Amino acid sequence: MKLSNTKPQIVVVGSSSIDLILKTSTIPTANKTVLARNLSSFLGGKGANQAIATSRLGAHTSLVSCVGMDPYGQQVLRNLDDEKVNVTYVSEDEDQDTGTAYVTASDEGNAIVVIPAANYNIFPKNIDEAEKYLATADLILTQMEIPAKTVEYLFQKAKKLNKKIGIYAAPASRLSEEIIDYATFIVAKSTDLEIIFGEGNHEDIIKHLPNKLFVRDGANSTSYFDGSEMKYFRKNPSTEAHSMGLGDAFTSGFSIALLHGNSTEDCVKFGNEVALKAADYRGSQKGLPYLDEMKELISHAY
């Protein structure tokens with residue numbers, strides 16, 4: 001496993017949000033009321049999570065996103081700036097609020113309702129406006145909390161510019177064959193495979209995309225097909241895991257390792273290590289590790 005002193009250039013195109021988390025004993029079902037122990041708010045959005053994660057891991061990261069002209073939007077922008085993320089192409093929309101996610105967090109797991117709001121005002125024109133950054137990027141990252149037509153256009157732009165592009169396919173929806181074919185890598189939850197790729201045995205779906213599809217399952221495990229055999233890597237937290245944002249953390253760690261020229265297996269292991277660090281704290285961003293921290297860890301682990 002190697003991490004050079006080179007700072008890769010990454011452009012993230014995706015959502016910026018505020019996560020509002022209700023801690024409960026159980027997740028309420030229809031027509032049922034439960035009491036929450038507390039309400040917390042955290043900075044989130046899959047795009048912002050990945051931008052901050054890759055920035056902390058040593059990349060020069062730019063974010064293409066959209067927030068509202070409201071206090072939440074100002075909070076998001078200040079935080080991104082503090083994290084050394086280039087926000088030149090984070091637009092402010094006067095007609096939409098900043099995106100929010102309402103999370104019911106219980107011992108049973110999480111139930112999440114997302115209000116995209118300004119995140120759904122990220123359009124192809126925003127991609128065109130940021131082309132000079134995309135043209136110099138070593139890697140483009142995206143997710144699916146923005147309009148599907150924008151994701152499709154982003155892949156067309158990446159192909160035109162001959163750029164690597166990775167996608168964390170969440171929240172799950174069907175991916176086009178064009179996206180599947182051109183993607184450098186795809187990260188997906190095991191429970192979402194049929195939604196993303198169509199009906200089929202999970203292992204058959206994974207084997208159809210060797211060294212391209214990386215499937216997340218459980219607290220912190222990743223599986224993929226290397227062309228010869230299925231590979232499974234698990235890095236369980238030693239204490240209670242906070243599961244929000246672990247897919248973003250893994251995707252970011254995998255991306256950084258990839259850009260430093262590591263093997264697929266080491267990229268997966270590094271992504272799992274980054275996600276493990278993120279699991280130590282509530283919220284999607286607080287526990288994201290810094291490059292020096294990860295260098296020290298891998299000097300002992302690899």
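This note comments on a sheet, its strand pairings and a surface patch in a predicted model.

1. Overall sheet. Nine strands form an open sheet in the order S5-S4-S1-S8-S9-S10-S11-S12-S13, and the pairing is mixed. The edges are occupied by S5 (90-93) and S13; each has a single partner strand, so one side of each is left without a neighbour in the sheet. On average, neighbouring strands of this sheet are turned by 15° against each other, direction ignored.

2. A parallel pair. Strand S9 (residues 165-168) and strand S10 (residues 185-189) run parallel and are joined by three bridges. Within this pairing, Tyr-168 stands opposite Val-187 of S10.

3. Helix over the sheet. Helix H1 (residues 46-56) lies across four strands, namely S1 (9-13), S4 (60-68), S8 (139-142) and S9. The angle at which H1 runs to S4 is about 155°.

4. Burial of S12. Is strand S12 (residues 221-225) mostly covered or mostly uncovered? The strand is mostly covered, with five of its five residues buried. Coverage applies to both faces of S12: Ser-221, Ser-223 and Phe-225 are buried on one side, and Thr-222 and Tyr-224 are buried on the other.

5. Pairing of S12 with S11. Strand S11 (residues 213-217) runs antiparallel to S12, and three bridges join the two. Asp-217 stands opposite Ser-221 in S12, a residue that is itself buried. The hairpin of S11 and S12 has three residues between the strands, and Gly-218 in this hairpin takes a positive phi near 70°.

6. Pairing of S12 with S13. Five bridges link S12 to strand S13 (residues 230-234), again in an antiparallel arrangement. Thr-222 has Phe-233 of S13 as its bridge partner. Four residues lie between the strands in the hairpin of S12 and S13, where Gly-227 adopts a positive phi near 100°. S13 is also an edge strand of the sheet, with S12 next to it in the strand order.

7. Nonpolar surface patch. Which residues make the nonpolar surface patch of about 280 Å²? The patch is made by Tyr-102, Val-113 and Ile-115. Val-113 belongs to strand S7 (residues 109-115). With a relative accessible area of 54%, Val-113 lies above the 50% cut-off and is therefore classed as exposed.

Notes: Residues are numbered from 1 along each chain as its sequence is written. This is a predicted model: local features need pLDDT of at least 70, side-chain atom pairs count only at pLDDT 80 or more; totals for chains, interfaces and linings use all residues. Side-chain values use heavy atoms; hydrogens and water are left out. Buried means under 20% relative accessible area, exposed over 50%, partly exposed in between (1.4 Å probe, protein chains only). Two strands pair if DSSP finds at least two bridges between them. Patches are made of residues with over 30% relative accessible area and no salt bridge: like charges are joined within 9 Å, nonpolar side chains (Val, Leu, Ile, Met, Phe, Trp, Tyr) within 5 Å. Accessible areas come from the Shrake-Rupley method with a 1.4 Å probe; for residues, only the protein chains shown count as cover. A salt bridge is a side-chain nitrogen of Lys or Arg within 4 Å of a carboxyl oxygen of Asp or Glu. Axes are lines fitted to C-alpha atoms, for helices over the stretch in contact, and angles run from 0 to 180 degrees between N-to-C directions. Contact means heavy atoms within 4.5 Å.
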